[in-house]
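Open the model in your viewer and keep the sequence panel visible. The stops below say what to select and what is found there.

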Amino acid sequence: MPRKHLVASQTNKKQQSQAKLWQKLAREIKAAVKVGGPNLEANPRLKAAVDKALQNNLSRESIERNINGSNKDSTDLAIKEFECYGPNGLQLVISALTDNVNRTISNLNGYLSKLHAQVAKPNSVKTFFDSVGYIVVFKDQNTNVDKILELTLTYNIIDVIDQEDAIEIKTFPTDFYKVKEALIQNNVKIFDAEIKLLPQAPILSINTDDKLRLEHFIEACEADDDIQWVVTNYEGE
């Protein structure tokens, strides 16, 4: 089902709690450097973290500071991923970056309780999501679906979706950066670009109470310093 005004919707999300988002992006950069080193081309996780930081207007100065200062930071951050089932077929994958796993689990269980959801066994939920290169580009006089199809013809594209104010492009992760670079070289304006988990069978509607509980759950996770991101199989408005 096409989502109307995709750009406007995602812009609102990006504008919410910008300072909190920047803090989480900085943490991800530090963690990526500790795991794979400071070389962007040799560290895919760091490259993805820097791309996302730039996309969300974190300054280059701040990015460099976090890359160069990561080795001086003695904080030991653990990466934890949680797969959860919610009411009426709702599925969630939650990623955390934390220096206190017990605190993170305790907080998450509290959020899940209010959602009427619970943690599931590893791979029991994530198996219903695919890792996909996801790019959103602005539509204008020079950018339409035909042009995007032409520019991406030689790459491994999963889907190109025409929305009211944007075009969504889904690629295999291996071709994500190639497609992104091809678009940039042809002056296509990119609004959003990242490798993310997308549901294989999205839910397009849930009842009002479940929707409200889900909104409150996501708000709680966004406000939590330890939780980096949440994905669900709900794709309704």
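Start by selecting Asn144. With a relative accessibility of 36%, Asn144 is partly exposed, since that class runs between 20% and 50%. Bear in mind that this is a predicted model. Asn144 sits in the loop between β4 (129–138) and α6 (145–151). Its side chain comes to 3.2 Å from the backbone nitrogen of Asp146. Now add Ile167 to the selection: 23 residues separate it from Asn144 along the chain, yet their C-alpha atoms are 7.6 Å apart.

Zoom out to the whole protein chain. It has 237 residues, 41% of them buried, and its secondary structure consists of eight helices and eight strands. Of the contacts between residues at least 6 apart in sequence, 72% link residues at least 24 apart. The chain exposes about 13,100 Å², with carbon and sulfur atoms supplying 50% of that area.

Next, select residues 101–115, which form helix α5. Its end C-alpha atoms are 21 Å apart, and this agrees with the 21 Å expected for 15 residues at 1.5 Å a residue. Which residues of α5 are buried? They are Thr104, Leu108, Tyr111, Leu112 and Leu115. Look down the helix axis: these buried residues of α5 fall within an arc of 100 degrees, so they line one face of the helix. The spacing follows a general rule: an α-helix has 3.6 residues a turn, so residues three or four places apart point the same way. On the face of α5 turned away from the buried side, find the exposed residues Asn102 and Lys114.

To see what lies over the buried residues of α5, show β1 (78–85), β2 (91–98), β3 (118–119), α8 (208–223) and β8 (227–232), which are included in the cover.

Now check both ends of α5. At the N-terminal end, select Asn100, which caps the helix: one of its side-chain oxygens is 3.3 Å from the backbone nitrogen of Asn102. At the other end, α5 is followed by His116, with a positive phi near 65 degrees. His116 is in the loop between α5 and β3 and counts as exposed, at 52% relative accessibility.

Asn57 can be viewed for the same reason. It also is not a glycine, and its phi is positive, about 70 degrees. Asn57 lies in the loop between α3 (44–55) and α4, and it is exposed, with a relative accessible area of 61%.

From there move to Asn66, in helix α4 (residues 60–69). Is Asn66 buried or exposed? Its relative accessible area is 8%, so it is buried. Beyond its neighbours within four places in sequence, Asn66 contacts Ala26, Ile29 and Lys30.

Finish with the nonpolar cores. The largest has 18 residues, and those with the most contacts inside it are Leu92, Ile94, Leu108, Leu115, Leu214 and Phe217. Two or more residues of this core come from each of β1, β2, α5 and α8; α5 gives the most, with four. Select Leu92 and display its surroundings: setting aside residues up to four places away in sequence, Leu92 touches partners including Phe82, Leu115, Val125, Leu214, Phe217 and Val230. For the last selection, take Ile148, Ile169, Phe176 and Ala193, which are among the 12 residues of a second, separate core.

Note on methods: Residues are numbered from 1 along each chain as its sequence is written. This is a predicted model: local features need pLDDT of at least 70, side-chain atom pairs count only at pLDDT 80 or more; totals for chains, interfaces and linings use all residues. Side-chain values use heavy atoms; hydrogens and water are left out. Buried means under 20% relative accessible area, exposed over 50%, partly exposed in between (1.4 Å probe, protein chains only). Contact means heavy atoms within 4.5 Å. Accessible areas come from the Shrake-Rupley method with a 1.4 Å probe; for residues, only the protein chains shown count as cover. The expected span of a helix is 1.5 Å times one less than its number of residues. The arc is that of the directions from the helix axis to the C-beta atoms. A polar contact is a pair of N or O atoms within 3.5 Å; within protein, one must be able to donate a hydrogen and the other to accept it, and residues adjacent in sequence count only if both atoms are side-chain atoms. A nonpolar core is a set of buried Ala, Val, Leu, Ile, Met, Phe, Trp, Tyr and Cys residues joined through side-chain atoms within 4.5 Å.
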